[in-house]
2 protein chains.
Amino acid sequence: MINKLVAKIQKTNAPIVVGLDPMLAYIPEHIKEKAFKEYGETLEGAAEAIWQFNKGILDTTADLIPAVKPQIAMYEQFGVPGVAAYKKTVDYAKSKDLVIIGDVKRGDIGSTSEAYAVGHLGRVQIGSNRIAGFDEDFATVNPYLGSDGIKPFIKVCKEENKGIFILVKTSNPSSGEFQDRLIDGRPLYEWVGEKVNEWGAEHMGECGYSYVGCVVGATYPEMGKVLRKVMPKTYILVPGYGAQGGKAKDLVHYFNEDGLGAIVNSSRGIIAAYKQEAYAKFGAENYADASRQAVLDMIEDIDSALN
Amino acid sequence: MINKLVAKIQKTNAPIVVGLDPMLAYIPEHIKEKAFKEYGETLEGAAEAIWQFNKGILDTTADLIPAVKPQIAMYEQFGVPGVAAYKKTVDYAKSKDLVIIGDVKRGDIGSTSEAYAVGHLGRVQIGSNRIAGFDEDFATVNPYLGSDGIKPFIKVCKEENKGIFILVKTSNPSSGEFQDRLIDGRPLYEWVGEKVNEWGAEHMGECGYSYVGCVVGATYPEMGKVLRKVMPKTYILVPGYGAQGGKAKDLVHYFNEDGLGAIVNSSRGIIAAYKQEAYAKFGAENYADASRQAVLDMIEDIDSALN
């Protein structure tokens, strides 16, 4: 799957991923009205609204981008119907041949991580059948529990040719509280990065990058520069571009000299583009066209920073 | 909710929680056969089997225990139908007046943690309605992202009188890879414990304990002893008893002198008791009676260690 991701990044010339993190506040009134009319102001109604919203964005942007990253929290908040909308989104994005990065940030002790890995990336044995639960292509994983929490994911990734992105340095303001603390003179995130490098060596793709990637926020470019060197063959998933404050020029050092090695996420900046002044002319009815334009602008922004 | 948990622990004299982590391998053949006959060897069939299995255990043990802890990974592995079985389990346990600890180990950047908090502990605004998604009483939370990831949970806990348990020192063998690393002479888990104490002070229960609890594995009793002192008013959720190797005598120091302050989880040891030699006489048909006996034995084991 890392091979597919790299091939699609090269084909689209777009090292970007669209974060499908639909909040109800982002969704145009006409979509909400229709969904609520059919299902009421219920969990089902909200789930229908976010699904229709996502579908519109996927229909207008899929040809431009290699991947999408649905953030499962935004679906879980609507309970079981929300999780069903997540699954519909994953399946629909897959039908458009997009790579799906499930932003689930799971991680637990061994046997439990195995269940998460099987559920999100693998297939579970039921009687004589092996059935996929969510079937994303990549999942994000939390490293706090150490190797026991990570290895079951790598095992499933090997069986299914799938991948993970492990949190190393997150984009949020307080990420430093623990991640930046010095251990033998180096911050915790560097030690986690070293481990990611080690875990990644166990499962390399033919493209020269590992199936085991990492997450490093766009909001900490100096740390990104160091971590790029700590993990030379690791794909970096970069959240925090745009709405969270990360700028394209800061992202140059997240990439390797081959122009690869990083994929930059934008969520709000793309999916709620129509709410920004720059794209207001599209109007709420044409929110998906605004998203398409925002994708084009993001690709150009990153391209011009890299070249 | 911490007040209710403490009151129920006192009433049952059972500082224990039953981990509802159903693997298909634990489920008696007669339950699986019936479910597969109705729904096939499908995700729906597996979800029905784990739900019926849980229901049996809840029916026979609810009067003995204060709380249950469903591990959502074991449900997520069966996709959307599995998550629906999780929700049914939560609701049914609630109808038995049990306290529900959702073992979800979520945690993300601020706005995303907020969605998790709302979805699991709070109510989401949909039009003019505020609706609960999963509605557990407590959730487990991962601290790697720092305060931004925790505060949104505390905010929802205040609104809804609910609680969280933050991972401090986990029970698995490799938990030390990062958690034990020394920072200014003290292991990371102690720094996390200090923070838990600080966060907990923001939301204290009338019972003298905080709505913000922590997780410390039974498998590291020396660390538990230190962490008890670091976080005197924090309830400790203790996994790792029984199947993972933790012994009752090791758990004495997880409790305060008031006999409170800790709640010990057992999953496999209770729910798959009928598979152990000690309870084999019950037979697979009466698996739930075996679980009841295993609960009684666990209560006695811990009681005799404490007194």
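These legends accompany several close-up views of a predicted model with chains A and B.

**View 1. The two chains meet across an interface of about 5700 Å² of buried area.** Here we look at where chain B meets chain A. On the chain B side, 71 residues are in contact, and they face 71 residues of chain A. Carbon and sulfur atoms give 61% of the area buried between the two chains. Three residues are worth labelling: Glu41(B), Tyr144(B) and Phe178(B) together supply 15% of the area that chain B buries against chain A, more than any other three residues. The size of an interface is often given as the accessible area lost when the parts come together.

**View 2. The two copies are related by a two-fold axis.** Two copies of a chain are related by a rotation about an axis and a shift along it. For this pair, a turn of 180 degrees with a shift of 0.0 Å along the axis lays chain B on chain A, with an RMSD of 0.0 Å. That is the relation of a two-fold axis. If you want a landmark in chain B, take Ile183(B), whose C-alpha is the nearest to the axis at 2.7 Å. The copies meet through the same surface, because 100% of the interface residues of chain B are also interface residues in chain A.

**View 3. Polar contacts and salt bridges cross the interface of chain B and chain A.** Between the two chains there are 32 residue pairs in polar contact, with both partners at pLDDT 80 or more. The salt bridges across this interface number 7. On the side of chain B that touches chain A, helix 6 (residues 110–121) of chain B gives the largest share, with 7 residues. Sorted by class, that side of chain B holds 35 nonpolar, 24 polar and 12 charged residues.

**View 4. Asp108(B) reaches Lys105(A) in a salt bridge.** The closest N and O atoms of Asp108(B) and Lys105(A) are 2.8 Å apart. This pair has company: Lys69(A), Asp103(A), Lys105(A) and Asp108(B) are linked in a network of salt bridges. Side chains of opposite charge can pair when their charged atoms come close.

**View 5. A second pairing between the chains joins Asp184(A) and Arg181(B).** In this salt bridge the closest N and O atoms are 3.5 Å apart. The pair crosses between chains: Asp184(A) is in the loop between strand 8 (182–183) and strand 9 (186–187) of chain A, while Arg181(B) is in the loop between helix 8 (176–179) and strand 8 (182–183) of chain B. Asp184(A) is exposed, since its relative accessible area is 66% and the cut-off for exposed is over 50%.

**View 6. Within chain A, Asp135(A) and Lys94(A) form a salt bridge.** Their side chains meet at 3.3 Å, N to O. Asp135(A) sits in the loop between strand 5 (129–132) and strand 6 (138–141) of chain A, and Lys94(A) in helix 5 (residues 79–95) of chain A, so the pair ties together parts that are 41 residues apart in sequence. Asp135(A) is partly exposed at 23% relative accessibility, and Lys94(A) is partly exposed too, at 28%. Over all chains, the salt bridges come to 50.

**View 7. Lys55(B) and Asp59(B) pair along one helix.** Both residues lie in helix 3 (residues 43–61) of chain B, 4 residues apart, about one turn of the helix. Their salt bridge has its closest N and O atoms 3.4 Å apart. Lys55(B) has a relative accessible area of 27% and is partly exposed; Asp59(B), at 36%, is also partly exposed.

**View 8. Glu190(B) is a buried residue of chain B.** Glu190(B) belongs to helix 9 (residues 188–201) of chain B. Its relative accessible area is 12%, so it falls under the 20% cut-off for buried. Setting aside residues up to four places away in sequence, Glu190(B) touches Val226(B), Leu227(B) and Val230(B).

**View 9. Gly149(A) is buried in chain A.** Gly149(A) is found in helix 7 (residues 147–160) of chain A, and its relative accessible area is 2%. Leaving out residues up to four places away in sequence, Gly149(A) touches Asp108(A) and Ser113(A). His203(A) is 54 residues from Gly149(A) in sequence, and the two are 16 Å apart in space, C-alpha to C-alpha.

Definitions and conventions
Residues numbered from 1 in each chain as written. Chains lettered and ligands numbered in written order. Predicted model: local features only at pLDDT ≥ 70, side-chain atom pairs only at ≥ 80, totals over all residues. Heavy atoms only, no water. Contact = heavy atoms within 4.5 Å. Buried area = accessible area lost by both parts, 1.4 Å probe. Salt bridge = Lys/Arg side-chain N within 4 Å of Asp/Glu carboxyl O. Polar contact = N/O pair within 3.5 Å; in protein donor to acceptor, adjacent residues only side chain to side chain. Helix = DSSP H or I, 4+ residues; strand = E, 2+ residues; numbered from the N terminus. Nonpolar A, V, L, I, M, F, W, Y, C, P; charged D, E, K, R; others polar. Least-squares fit on C-alpha atoms with pLDDT ≥ 70 in both. Buried < 20%, exposed > 50% of the residue type's maximum accessible area, 1.4 Å probe, protein only.
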